[in-house]
Amino acid sequence: MSDTESTRWLVALDVDGTVLHEDGTCTDAVKHAVARATEAGHEIMLATGRSWETTAPVLETLGIHPDYVVCANGALVMKRDDDEADGYRRHLIETFDPSDVLKTIASSLDDGRYMVEYPDGFRRYTQGMVDWNLDNAEMVPFERLLHDPVTRVVVVSPEHGEQEFLKIVESMGLHQVTYSIGWTAWLDIAPLGVNKSTALQRVRDWVGVPASRVLVAGDGRNDIEMLTWAGASGGRAVAMGQAPDEVKEVATEVTGAVDDDGLAAALLSLPGARD
(Lines give C-alpha, C1' and ligand atoms only; values in the text may rest on other atoms or scores of the structure.)
Protein backbone atom coordinates (compact mmCIF):
# COMPACT_ATOMS: atom_id res chain seq x y z
CA MET A 1 0.00 0.00 0.00
CA SER A 2 1.40 3.41 -0.95
CA ASP A 3 1.68 6.27 1.55
CA THR A 4 -1.13 8.07 -0.29
CA GLU A 5 -3.45 5.07 -0.10
CA SER A 6 -2.76 4.63 3.62
CA THR A 7 -3.74 8.23 4.38
CA ARG A 8 -6.43 8.84 1.74
CA TRP A 9 -9.83 10.02 2.93
CA LEU A 10 -13.16 9.58 1.17
CA VAL A 11 -14.85 12.98 1.31
CA ALA A 12 -18.54 13.25 0.37
CA LEU A 13 -19.97 16.74 0.01
CA ASP A 14 -23.55 17.90 -0.15
CA VAL A 15 -24.01 20.54 -2.85
CA ASP A 16 -26.62 23.20 -2.05
CA GLY A 17 -25.81 25.08 1.13
CA THR A 18 -22.47 23.27 1.49
CA VAL A 19 -20.52 23.67 -1.75
CA LEU A 20 -22.82 26.24 -3.37
CA HIS A 21 -24.43 29.37 -2.02
CA GLU A 22 -28.14 30.03 -2.43
CA ASP A 23 -27.48 31.87 -5.70
CA GLY A 24 -25.62 28.84 -7.10
CA THR A 25 -22.13 30.29 -6.82
CA CYS A 26 -19.03 28.67 -5.37
CA THR A 27 -16.35 30.82 -3.77
CA ASP A 28 -12.68 30.76 -4.69
CA ALA A 29 -11.89 29.71 -1.12
CA VAL A 30 -13.93 26.51 -1.47
CA LYS A 31 -12.51 25.76 -4.92
CA HIS A 32 -9.00 26.22 -3.56
CA ALA A 33 -9.68 23.95 -0.58
CA VAL A 34 -11.09 21.24 -2.86
CA ALA A 35 -8.01 21.50 -5.06
CA ARG A 36 -5.66 21.27 -2.07
CA ALA A 37 -7.48 18.23 -0.66
CA THR A 38 -7.42 16.54 -4.07
CA GLU A 39 -3.72 17.26 -4.52
CA ALA A 40 -3.12 15.69 -1.10
CA GLY A 41 -4.57 12.44 -2.47
CA HIS A 42 -8.05 12.50 -0.99
CA GLU A 43 -11.11 11.35 -2.98
CA ILE A 44 -13.51 14.30 -3.14
CA MET A 45 -17.00 13.39 -4.37
CA LEU A 46 -20.54 14.77 -4.22
CA ALA A 47 -23.57 13.32 -2.43
CA THR A 48 -26.63 15.34 -3.33
CA GLY A 49 -30.37 15.29 -3.81
CA ARG A 50 -29.87 16.79 -7.26
CA SER A 51 -30.32 14.92 -10.51
CA TRP A 52 -27.19 13.89 -12.40
CA GLU A 53 -27.83 16.54 -15.04
CA THR A 54 -27.68 19.34 -12.45
CA THR A 55 -24.83 17.73 -10.51
CA ALA A 56 -22.39 17.30 -13.40
CA PRO A 57 -21.77 21.07 -13.79
CA VAL A 58 -20.80 21.26 -10.10
CA LEU A 59 -18.04 18.72 -10.70
CA GLU A 60 -16.74 20.96 -13.46
CA THR A 61 -16.95 24.02 -11.21
CA LEU A 62 -14.84 22.23 -8.60
CA GLY A 63 -12.49 20.68 -11.16
CA ILE A 64 -12.94 17.14 -9.84
CA HIS A 65 -13.68 13.81 -11.52
CA PRO A 66 -14.30 11.30 -8.73
CA ASP A 67 -14.84 7.61 -9.33
CA TYR A 68 -18.43 7.84 -8.03
CA VAL A 69 -21.12 10.50 -7.58
CA VAL A 70 -24.23 10.04 -5.44
CA CYS A 71 -27.35 11.75 -6.82
CA ALA A 72 -31.10 11.76 -6.07
CA ASN A 73 -30.45 11.33 -2.32
CA GLY A 74 -28.86 7.93 -2.88
CA ALA A 75 -31.24 6.50 -5.47
CA LEU A 76 -28.66 7.00 -8.23
CA VAL A 77 -24.90 6.38 -8.19
CA MET A 78 -22.90 7.46 -11.20
CA LYS A 79 -19.56 5.78 -12.00
CA ARG A 80 -16.79 7.37 -14.01
CA ASP A 81 -16.56 5.89 -17.49
CA ASP A 82 -14.38 7.55 -20.11
CA ASP A 83 -16.33 5.84 -22.89
CA GLU A 84 -19.45 7.87 -22.04
CA ALA A 85 -19.99 11.30 -23.57
CA ASP A 86 -20.16 13.05 -20.20
CA GLY A 87 -17.60 10.80 -18.56
CA TYR A 88 -20.02 8.88 -16.31
CA ARG A 89 -22.55 6.05 -16.53
CA ARG A 90 -25.51 5.10 -14.35
CA HIS A 91 -24.05 2.42 -12.11
CA LEU A 92 -26.70 1.90 -9.42
CA ILE A 93 -30.37 2.83 -9.75
CA GLU A 94 -33.08 2.42 -7.09
CA THR A 95 -36.72 2.92 -8.09
CA PHE A 96 -40.21 2.75 -6.60
CA ASP A 97 -43.85 3.01 -7.64
CA PRO A 98 -44.87 6.63 -6.87
CA SER A 99 -48.62 6.24 -7.29
CA ASP A 100 -49.68 5.61 -3.68
CA VAL A 101 -47.46 8.27 -2.13
CA LEU A 102 -48.47 10.87 -4.72
CA LYS A 103 -52.16 10.20 -4.13
CA THR A 104 -51.65 10.41 -0.36
CA ILE A 105 -49.86 13.73 -0.60
CA ALA A 106 -52.28 15.21 -3.12
CA SER A 107 -55.20 14.48 -0.80
CA SER A 108 -53.55 16.62 1.91
CA LEU A 109 -52.24 19.53 -0.17
CA ASP A 110 -54.53 21.92 -1.99
CA ASP A 111 -51.74 23.63 -3.91
CA GLY A 112 -49.01 21.00 -4.30
CA ARG A 113 -46.69 21.01 -7.29
CA TYR A 114 -44.98 17.77 -8.26
CA MET A 115 -42.02 16.42 -10.16
CA VAL A 116 -40.83 12.84 -10.71
CA GLU A 117 -37.50 11.62 -12.05
CA TYR A 118 -37.09 8.42 -14.03
CA PRO A 119 -34.12 6.02 -14.14
CA ASP A 120 -32.78 7.58 -17.35
CA GLY A 121 -32.85 11.09 -15.87
CA PHE A 122 -35.96 12.29 -17.72
CA ARG A 123 -38.46 14.15 -15.52
CA ARG A 124 -42.14 15.04 -15.60
CA TYR A 125 -43.67 17.84 -13.58
CA THR A 126 -46.98 19.58 -12.99
CA GLN A 127 -47.86 23.20 -13.61
CA GLY A 128 -46.31 25.68 -11.19
CA MET A 129 -42.99 23.86 -10.69
CA VAL A 130 -41.10 27.01 -11.63
CA ASP A 131 -38.07 27.14 -9.31
CA TRP A 132 -36.36 23.99 -10.57
CA ASN A 133 -34.11 23.18 -13.49
CA LEU A 134 -36.54 21.73 -16.00
CA ASP A 135 -34.18 20.72 -18.78
CA ASN A 136 -34.86 17.20 -20.09
CA ALA A 137 -38.39 17.41 -18.67
CA GLU A 138 -42.00 17.91 -19.72
CA MET A 139 -45.04 19.38 -18.03
CA VAL A 140 -47.94 16.93 -17.70
CA PRO A 141 -51.24 16.55 -15.81
CA PHE A 142 -50.88 15.08 -12.31
CA GLU A 143 -52.27 11.70 -13.42
CA ARG A 144 -49.36 11.19 -15.84
CA LEU A 145 -46.98 10.98 -12.87
CA LEU A 146 -48.60 7.88 -11.39
CA HIS A 147 -47.76 5.06 -13.75
CA ASP A 148 -44.01 4.39 -14.15
CA PRO A 149 -41.28 3.56 -11.61
CA VAL A 150 -39.23 6.58 -10.52
CA THR A 151 -36.04 7.27 -8.60
CA ARG A 152 -37.34 10.41 -6.95
CA VAL A 153 -40.42 12.49 -6.24
CA VAL A 154 -40.28 16.19 -5.38
CA VAL A 155 -43.26 18.01 -3.89
CA VAL A 156 -43.46 21.78 -3.42
CA SER A 157 -46.13 23.61 -1.44
CA PRO A 158 -45.76 27.39 -1.93
CA GLU A 159 -48.57 28.29 0.45
CA HIS A 160 -46.90 26.73 3.50
CA GLY A 161 -43.94 27.72 5.64
CA GLU A 162 -41.28 25.19 6.58
CA GLN A 163 -42.60 24.25 10.05
CA GLU A 164 -46.23 24.14 8.93
CA PHE A 165 -45.31 21.93 6.00
CA LEU A 166 -43.29 19.66 8.31
CA LYS A 167 -46.35 19.08 10.49
CA ILE A 168 -48.54 18.35 7.46
CA VAL A 169 -46.08 15.82 6.05
CA GLU A 170 -45.65 14.08 9.41
CA SER A 171 -49.43 13.72 9.66
CA MET A 172 -49.64 11.98 6.28
CA GLY A 173 -48.14 8.73 7.58
CA LEU A 174 -46.13 8.08 4.43
CA HIS A 175 -45.08 4.45 4.01
CA GLN A 176 -42.81 2.51 1.65
CA VAL A 177 -40.65 5.57 0.96
CA THR A 178 -37.86 7.58 2.55
CA TYR A 179 -38.42 11.30 2.65
CA SER A 180 -36.75 14.51 3.78
CA ILE A 181 -37.98 18.08 4.00
CA GLY A 182 -35.98 21.03 2.77
CA TRP A 183 -35.48 24.44 4.32
CA THR A 184 -38.59 25.71 2.57
CA ALA A 185 -41.81 23.85 1.88
CA TRP A 186 -40.49 21.13 -0.41
CA LEU A 187 -40.43 17.40 0.09
CA ASP A 188 -37.91 15.00 -1.47
CA ILE A 189 -38.95 11.32 -1.62
CA ALA A 190 -36.75 8.30 -2.37
CA PRO A 191 -37.32 4.53 -2.33
CA LEU A 192 -37.80 3.00 1.12
CA GLY A 193 -34.50 2.54 2.93
CA VAL A 194 -32.55 4.57 0.39
CA ASN A 195 -30.68 7.72 1.38
CA LYS A 196 -27.25 9.25 0.97
CA SER A 197 -25.73 6.97 3.59
CA THR A 198 -26.86 3.73 1.93
CA ALA A 199 -25.26 4.82 -1.34
CA LEU A 200 -22.10 6.04 0.39
CA GLN A 201 -21.69 2.74 2.20
CA ARG A 202 -21.57 1.03 -1.20
CA VAL A 203 -19.11 3.63 -2.49
CA ARG A 204 -16.85 3.20 0.53
CA ASP A 205 -16.79 -0.55 -0.05
CA TRP A 206 -15.98 -0.06 -3.73
CA VAL A 207 -13.11 2.38 -3.16
CA GLY A 208 -11.72 0.50 -0.16
CA VAL A 209 -11.35 3.37 2.30
CA PRO A 210 -11.82 2.46 5.99
CA ALA A 211 -14.76 3.95 7.89
CA SER A 212 -12.43 5.94 10.11
CA ARG A 213 -11.21 7.91 7.07
CA VAL A 214 -14.58 9.16 5.82
CA LEU A 215 -15.58 12.81 5.99
CA VAL A 216 -19.07 13.94 5.02
CA ALA A 217 -20.34 17.52 5.05
CA GLY A 218 -23.89 18.80 4.72
CA ASP A 219 -26.45 21.28 5.92
CA GLY A 220 -29.92 19.80 5.30
CA ARG A 221 -32.29 17.27 6.75
CA ASN A 222 -31.53 14.96 3.85
CA ASP A 223 -27.96 14.87 5.18
CA ILE A 224 -28.91 13.51 8.61
CA GLU A 225 -28.50 9.85 7.66
CA MET A 226 -25.07 10.32 6.08
CA LEU A 227 -23.85 12.42 9.00
CA THR A 228 -25.06 9.79 11.45
CA TRP A 229 -23.47 7.02 9.37
CA ALA A 230 -20.06 8.69 9.18
CA GLY A 231 -19.96 9.63 12.85
CA ALA A 232 -21.06 6.22 14.08
CA SER A 233 -18.19 4.55 12.21
CA GLY A 234 -15.46 6.78 13.58
CA GLY A 235 -15.37 9.18 10.64
CA ARG A 236 -15.96 12.93 10.55
CA ALA A 237 -19.53 14.18 10.24
CA VAL A 238 -19.38 17.92 9.50
CA ALA A 239 -22.51 20.08 9.73
CA MET A 240 -22.49 23.53 8.17
CA GLY A 241 -22.94 26.45 10.54
CA GLN A 242 -26.34 27.44 9.18
CA ALA A 243 -27.78 23.92 9.41
CA PRO A 244 -30.95 23.30 11.47
CA ASP A 245 -30.40 22.11 15.02
CA GLU A 246 -31.47 18.54 14.26
CA VAL A 247 -28.71 18.34 11.64
CA LYS A 248 -26.05 19.74 13.96
CA GLU A 249 -27.09 17.32 16.70
CA VAL A 250 -26.06 14.25 14.69
CA ALA A 251 -22.76 15.73 13.52
CA THR A 252 -19.40 15.16 15.18
CA GLU A 253 -18.36 18.73 14.41
CA VAL A 254 -19.84 22.00 13.18
CA THR A 255 -17.93 24.24 10.81
CA GLY A 256 -18.70 27.77 9.68
CA ALA A 257 -21.74 28.67 7.63
CA VAL A 258 -21.67 28.47 3.85
CA ASP A 259 -21.44 32.28 3.71
CA ASP A 260 -18.27 32.05 5.80
CA ASP A 261 -16.65 29.34 3.66
CA GLY A 262 -17.13 26.75 6.40
CA LEU A 263 -16.52 23.92 3.96
CA ALA A 264 -13.10 25.29 3.05
CA ALA A 265 -12.03 25.20 6.69
CA ALA A 266 -13.13 21.58 7.05
CA LEU A 267 -11.34 20.46 3.87
CA LEU A 268 -8.11 22.23 4.74
CA SER A 269 -8.02 20.29 8.02
CA LEU A 270 -7.51 17.03 6.11
CA PRO A 271 -3.99 15.52 6.20
CA GLY A 272 -1.70 17.26 3.72
CA ALA A 273 -4.31 19.79 2.56
CA ARG A 274 -3.23 22.80 4.58
CA ASP A 275 -1.20 25.37 2.65
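Okay, let me start with a question: is Tyr 88 buried or exposed? Tyr 88 is buried, with a relative accessible area of 4%. Keep in mind that this is a predicted model.

So who sits beside that ring? The rings of Tyr 88 and Trp 52 have their centres 5.0 Å apart, with the planes at 55°, so we call the pair tilted. Trp 52 is in helix H3 and Tyr 88 is in strand E5, 36 residues apart, which makes this a link between distant parts of the chain. Trp 52 is buried too, and its relative accessible area is 4%.

There are four aromatic pairs in the structure, and I want to show you one more. Tyr 68 and Trp 206 have ring centres 4.9 Å apart and planes at 35°, so that pair is tilted as well. Again we get a link between distant parts of the chain: Tyr 68 belongs to strand E3, Trp 206 to helix H6, and 138 residues separate them. Tyr 68 is buried, at 9% relative accessible area, while Trp 206 counts as partly exposed at 36%.

Now, the sheet. Three strands make an open sheet in the order E3-E4-E5, with antiparallel pairing. E3 and E5 stand at the edges with a single partner strand each, so each has one side without a neighbour in the sheet. On average, neighbouring strands are turned by 30° against each other, ignoring direction. E4 and E5 are joined by five bridges, and Lys 79 stands opposite Arg 89 in E5.

What lies across those strands? Helix H3, residues 52–62, lies across E3, E4 and E5 and runs at about 135° to E3. H6 packs on the sheet as well, touching E3, E4 and E5, and its direction makes about 175° with that of E3.

Let's stay with H6. This helix covers residues 196–207, twelve residues, and reaches 16 Å from first C-alpha to last, close to the 16 Å expected. Its buried residues include Leu 200, Val 203 and Val 207, but also Lys 196 and Arg 204. Looking down the axis, the buried residues of H6 fall within an arc of 155°, so they line one face of the helix. Among the elements covering them are strands E1, E2 and E12, and helix H7. Right after H6 comes Gly 208, with a positive phi near 75°.

Last stop: Gly 41, in the loop between helix H2 and E2. Gly 41 is buried at 19% relative accessible area. Its C-alpha is 8.4 Å from that of Gly 272, although the two are 231 residues apart in sequence.

Methods: Residues are numbered from 1 along each chain as its sequence is written. This is a predicted model: local features need pLDDT of at least 70, side-chain atom pairs count only at pLDDT 80 or more; totals for chains, interfaces and linings use all residues. Side-chain values use heavy atoms; hydrogens and water are left out. Helices (H or I, at least four residues) and strands (E, at least two) are DSSP runs, numbered from the N terminus. The expected span of a helix is 1.5 Å times one less than its number of residues. Buried means under 20% relative accessible area, exposed over 50%, partly exposed in between (1.4 Å probe, protein chains only). The arc is that of the directions from the helix axis to the C-beta atoms. Contact means heavy atoms within 4.5 Å. Two strands pair if DSSP finds at least two bridges between them. Axes are lines fitted to C-alpha atoms, for helices over the stretch in contact, and angles run from 0 to 180 degrees between N-to-C directions. Rings of Phe, Tyr and Trp (its six-membered ring) pair if their centres lie within 6.5 Å; planes under 30 degrees apart count as stacked, over 60 as edge-to-face and the rest as tilted.
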